[in-house]
Amino acid sequence: MLASQNRSPQISKLYREHLSPDLARLIKFSGLGTVEESALGTVVTDCEGDEYLDFAGGYGVFSLGHRHPEVVAAVEAQLHRMPLSAKVFLNPLAAELAAELARLTRLDYAFFANSGTEAVEGALKLARLHTGRPGLVAADQAFHGKTMGALSVSGRKTYRDPFEPLIPGVTHIPFGDPAALDAAVTDSTAAVILEPVQGEGGIHVAPDGYLQRARALCTERGALLIADEVQTGLGRTGRMLAVEHWNVQPDILVLAKALGGGVMPIGCFLASSEIWQAYKGRPLLHTSTFGGNPLACAAALATLKVLQRDDLAGRARELGARLQAGLQAVWSDYPELIAEVRGLGLMLGVELREEGFGGSLIMEMAKQRVIAVYTLNQPRVIRFEPPLTVTPDEVERCLQAFRASCQRTRARFPR
Ligand code: PLP
């Protein structure tokens, strides 16, 4: 390892020479061109000992904060017992995790993968397998991942076009428009895939009635409804699952990010026993070497225990309301910078009037040691997704930094 202290120039050079010169530049311009060293709770510490409040939260990964002691302990214990599965015996942790998720989601069967995009791939394949149909309906600006299938249903052409031809049979429709949904779902549709709150698309909450309409149309026309809760899932929006806000039961549910408790990567898709019948007699039709590994399952089991015991969904509702009210107060003082504040629970977005404001705000926030980032498919929206364990004091510090950043940004862009 390179010497500690200010290692940023050396690491930046390694990025430029061996990872990505463009990424090195992007990180530098965001004002966070420093090297991460350690993290605990809401705080990330860099190599020079500076502490940052993490209001990006790994885009939903760090719902329990960084390095939650119970998740670390569970993983550590498993590390010394059996880190990876031999794959030829029964894997007790995968079985226990599937049962616990079935209890929480009312979907009886689970498949474990290693990331969100991989879990989405599995969900799309299962929809085609079960229905025998090719068609997929997805929303503009949606984000489902960057492997071929997940990218095909994602909604931003910038990421799709360089890789065409992607998988055929995908129809994109505007998010939140029930008439477009009605026109797109046909008797050759295998599935409609939706995020209940579009994350990377710019924190767009599904309008009331939209998911219910999607549910009804899918049922009526024999298509499956896939809820991609990779970012919204497990308490983030103030409910264990975001679909619960509208009382909608999806046919297939996709989880990842927060499921690993901020310690291990894990993704998963779940479905009812009726849909799982599609695999009948073919147990090896969809497999993964590392999916469901004991380390990841131990992390996920500990995560689900903490989430429920500490009612982190309730905490997301309470502190989300506080953060949202604070952001709205800043909005009313800076209407020339901010067009809207929106979101659910601790998944909040601030839409700016111009894309250029975003870079300035993020840089100013970084100077005040608060991490905020924009959404991948909509750079005009800055998102706030802190750990659900965030304290009222940390929320206050974030709001103060945001207010000061707006003031400096307004000075930088005089009208
Ligand atoms: N689905 C949603 C809703 C996401 O937000 C993401 C990632 O941001 C993904 C899928 C892809 O997950 P991963 O980056 O783990 O592949």
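**Exercise 1.** Leaving aside neighbours within four places in sequence, which residues is L327 in contact with?

*Solution.* A word on the model to begin with: it is predicted, so local features need pLDDT of at least 70 and side-chain atom pairs count only at pLDDT 80 or more, while totals for chains, interfaces and linings use all residues. Residues are numbered from 1 along each chain as its sequence is written, and side-chain values use heavy atoms, without hydrogens and water.

Step 1: take contact as heavy atoms within 4.5 Å. Step 2: set aside the neighbours within four places of L327, and you find V341, L348, V350, F384, L399 and F402.

**Exercise 2.** Place L327 in its nonpolar core.

*Solution.* Step 1: such a core is a set of buried (under 20% relative accessible area, 1.4 Å probe, protein chains only) Ala, Val, Leu, Ile, Met, Phe, Trp, Tyr and Cys residues joined through side-chain atoms within 4.5 Å. Step 2: the largest one has 66 residues, and L327 is among those touching the most other members, together with L101, F112, L323, I338, F384 and F402. Step 3: helix α11 (residues 294-309) supplies the largest share of this core, ten residues. Step 4: a separate second core has 27 residues, including V120, L126, V254 and I275.

**Exercise 3.** Find the N or O atoms of G116 and Q231 that pair with the ligand.

*Solution.* Step 1: look for polar contacts to the ligand, pairs of N or O atoms within 3.5 Å. Step 2: a backbone N or O atom of G116 sits 2.8 Å from a ligand oxygen. Step 3: for Q231, a side-chain N or O atom is 2.8 Å from an oxygen atom of the ligand.

How values were computed. Polar contact = N/O pair within 3.5 Å; in protein donor to acceptor, adjacent residues only side chain to side chain. Buried < 20%, exposed > 50% of the residue type's maximum accessible area, 1.4 Å probe, protein only. Helix = DSSP H or I, 4+ residues; strand = E, 2+ residues; numbered from the N terminus.
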